[in-house]
Every structure is written in structure tokens, then in C-alpha cells.
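Trainee: Could you take me through one part of this model up close? I'd like to start with how a pair of its helices sit together.

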Amino acid sequence: MTGTVGVFNPSDPTLLADPYPTYARLRTDAPVAYLPENDMWVVSRHADVSRVLRETAVFSSKAGMSPDLGRAGGGVDYRIGAPNVRVLIATDPPEHQVFRAAVAGAFTPRAIGALTDRVTEIARTQVRRLLAHNGDADFFSHVAEPVPVLVLAELLGVPRDQLGRFRDWSNTITADLDQTAGDAGIGRGMDMFRFFTAQLRGRRHTGRPTLFDGIARAREGGVSDRELLAFCAFLLVAGIETTTNLMTNLLAALWRFPHVERALRDDPALVPAAVEEGLRYDTSVQALWRGSTQPTRLGDVDLPAGARILVLFGSANRDERHFAEPDEFLLTRKTGDHLGFGHGPHFCLGARLARLEISAVLTELFAATKAIEPRGPGERTRSVLLRGFTSQPVSVQPT
Amino acid sequence: MDTTAQAEVRARVQEIVASLAPAADATPTPDAALVADLGYHSLALLELAFALEDEYGLPPLSEEVAQSIRTVADIEDYVVSTLAAR
């Protein structure tokens, strides 16, 4: 069965507000749906999504990533937009492992464990800032947006006097770089790339090792200087907006399920379970791209070689074939196989760090407040791929 | 800077722009657009900035100026005026 036109309309505002009813229809009526306007397939069931993510020889990541749906007949380029510059997320095994191994050391349980105190301190400071702004407090701008920026700056050893610039860079990079900006845009990000270049050449601001040491070592594995820079920029894309979105989505979920928030306030030991269920219930990376390398059959659908495929993690996570009561937020759920961090060789490298950051924020938020409530509607991101909030006014009752 | 020296700088800048242009068949005439005609992207522009800074001992090209650059002539003008100002 091929999908019906109109069942998934990326420019429909109701899809951005709440994609889950659309996903449910897709899973039932057209689990591998073809969208002729975009010349792409949309995959929505947990089993199919998992298979696509596992079979990297058939479903390649080289199609890249893009925040929008691209054009019919066009490719989807990684947003650095430099040809022949490989980026971790847009490589396949075996070269994928070269990139991954270069930075994996920074994300081991031990390395992340060592960051716990610092992450807690950053979360506490930002929660205090939120309380200090009570009246015009915004969970996005006071907590969810700065915490991942400050944590990544810590990992990269960005000196304190450059934190402001680092935040600006992360905003620049999460907007488009040159790919869509045409002639005007290629100078954007120059200061950031200059900073990265200096760091990769060993001009350290601190004596201690940073993530840059590991990245620079990837040269030995055949990673070019341009690719090293693109990777640094990619870290900002992968490590900041995604985590910010997860925090805002989780808070919105807790407002929808107040008994869950009460349970967490009664027993903070449940916070990690809530983070995991939040990743399933409303994840930030709703979808990513793959491209078929050969004709293949997925579900009941024959795909040609070169098919552009959008895999819907967000839909797979609500698949009633896989999860009981998928639309409920259950702290008791065993969600080991949700796809909030993906699956297979590209499983999110920063998953452990993201969990730590979100847990720290929730724990600090509950410790410092008796209640946190919306002070008006939040504003949703406008992307089918990256789901979160760009503002969430709140009022808090301090403890 | 006299006209001859200026012309020399402009010719040398064009050479550097051509040597670092991602497009294989790049012809760096003054009105050639960096992106559309020469295939420049943000990383190649950074390399160009480094090359010009090394060649002429220029201060780091600011992001603001970098964003205003569209054509080869824009780069020539920037180098010539920066050199003239010292």
C-alpha cells in the first residue's frame, strides 16, 4: 500500500501543534507513505523505523540532515553546506566509526559522571535565575536554553569571558549557515570557526584537556581540517537545541499529567524514569533522513534506489503495536527501546549527557519550587523535525 | 598606496581567491560572486581569510565584514583599504 496524499502535510499548522493524531493515522492507513509533492517516503511504525535505522547498508545516512523537507528531486544537505565535508550524522559505517571513535571518549559513563557536579551547579544557577525573574520568568530562556549551552561550553573548555559569544554562536549555528542563506550568509559563523580553529591547533585557554583534544586526534583517522570544523559546529547543533527542546517538552508533558509531577515531587528518585518516559512521550528529534542505496521492500511498499526517507521517531514512540497505552505518561514503563535517541550505529552519542542535564534541571526545579505553572501559552518550534518550545512563560512558587 | 601597488595587490588577491576557490573552473574576475561563481562556502571563506591575513599581515577579518563580502572586488577593496589605513 502506498500512502494517501494529504495524510501528512508538513505545512499544516495543526501538525506542528500536535503531530500525534496524524502519526496515528499514518501508522494505521499508510505506515510507509509516499508524498509526491516532496518526492519522499514517511515511515511511522516502530518496527519499520528500527529496521531502517539498523540496516545502514540499505538505508544510508549520507542523504544528510536538514531542518526542512527539502525539494522534490533535490537532496537534503547538511547545513554547513560544504561539498565533500563529511559530518558524523551524515556518514555510514565503516567511516562513521572513525568519526565517532574520535569523540566517544568524552561521552563515556566515567567522563559524563565526572561532569555531574558541574551540571548540577549550572542547573541550580539557572533555576535561581528563573526564581529571581518570577513575574516575567520564562522556562525556555532562563533554564532550558542556557543550560545545554553552558554545559557544552564546559565540555569544550570555553573560557568564561567568551561565554556570551559562545551563546551567540550556538544561536547562529542552530539557524541556517550558508546552505539557505545564499551569497549573504557565508561570513556568518566566522568568529566561531576561528575560535574552533585556534582550539584545534592547541591554543588552549585552560590547562586541562577538553573535547577539542579528542576531535583534533581524528586527523589521524583521515578526517580533514574542514571536517573537524564542521564537526565542532555539528556538536552545537546536536547538543544544544535538542536538549533544550527535550526540557521544554517534558515540562509541558508534566502539566498534562499533574499526577506524574506530584509523584516526582514526592519521590525525586523517580526523576530519571520521568526523563526516559519524556523522551518517548514527546521527543525533540521527531524525525531524521535516510536514503535508500538499492531497491528494497519496507512493510508492504517497494522503494526504489535513491528514495528520500523520513523516519518518524516521534511516531514510533507512540506505536500501539509496540507500547501499551502509548499516549499515557507512565513512570513504571520499561522504555528501554524508545527511539528518542535513535537506534543502531547512529544512536545519540550525547544521550547520557542529555539525561544528566534534564534530570539535573528537573531535580533542581522541584527542590526550589512548590509549584511551577504556565503563565500563558508557550510557543512551539516551527519544524516537523525538531519539536520543542521557543518560549514558555511560567510562574513559580518558591519553597 | 600608489596605483601600481594597488593593481599588484588586486592581482595577487585574485590569485589567492582563485587558488582557494572550491569551484574547479573558477575565474576570479572582479565582479565574480564568491558563492554563485566560485563555489565558496563558510569554511572556504575562513581559509581565504587566513591566507590573506598571512600574506599581508592583516588583523583578523571580522565576522561583520565577512558577511558583507559578495564579490572578488569586495575582497580586493577590503585588502587595499586595510593596507592603505596603516
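Trainee: Which is it for H13(A) and H17(A): are they parallel or oblique to each other?

Mentor: Keep in mind that this is a predicted model, where local features need pLDDT of at least 70, side-chain atom pairs need 80 or more, and totals for chains, interfaces and linings use all residues. Residues count from 1 along each chain as written, while chains are lettered from A and ligands numbered from 1 in written order.

Now, your pair. The axes (lines fitted to C-alpha atoms over the stretch in contact, with N-to-C angles from 0 to 180 degrees) of H13(A) and H17(A), residues 351-368, come within 10 Å and cross at roughly 40°. H13(A) and H17(A) are therefore oblique to each other, that is, outside under 35 (roughly parallel), over 145 (roughly antiparallel) and 65 to 115 degrees (roughly perpendicular). Helices here are DSSP H or I runs of at least four residues, strands E runs of at least two, both numbered from the N terminus.

Who touches whom? From H13(A) come A:Thr243, A:Leu246, A:Met247 and A:Leu250, and they meet A:Ala354, A:Glu357, A:Ile358 and A:Val361 of H17(A); contact puts backbone-placed C-beta atoms within 7 Å. That contact divides into 6 nonpolar residues, 1 polar and 1 charged (nonpolar: Ala, Val, Leu, Ile, Met, Phe, Trp, Tyr, Cys, Pro; charged: Asp, Glu, Lys, Arg; polar: the others).

A:Val361 turns up again in the largest nonpolar core, which has 101 residues; it is among those with the most contacts inside, along with A:Leu152, A:Ala230, A:Phe231 and A:Phe234. H13(A), residues 225-256, gives this core its largest share, 17 residues. A separate second core of 31 residues includes A:Phe8, A:Ala33, A:Val285 and A:Leu339. A core joins buried Ala, Val, Leu, Ile, Met, Phe, Trp, Tyr and Cys through C-beta atoms within 7 Å, and buried means 20 or more other C-beta atoms within 10 Å (exposed: 12 or fewer; partly exposed: in between).

H13(A) has another job on our list: chain B. That contact takes 21 residues from chain A and 19 from chain B. H11 (190-200) and H13 of chain A each supply at least two residues of chain A's side, with the largest share, 4 residues, coming from H11(A). By class, chain A's side has 11 nonpolar, 4 polar and 6 charged residues.

In H11(A), the buried residues are A:Met190, A:Asp191, A:Met192, A:Phe193, A:Phe196 and A:Gln199. After H11(A) comes A:Gly202, with a positive phi near 90°.

Stepping back, chain A comes to 17 helices and 11 strands, and 49% of its 399 residues are buried.

Conventions
Contact = placed C-beta atoms within 7 Å.
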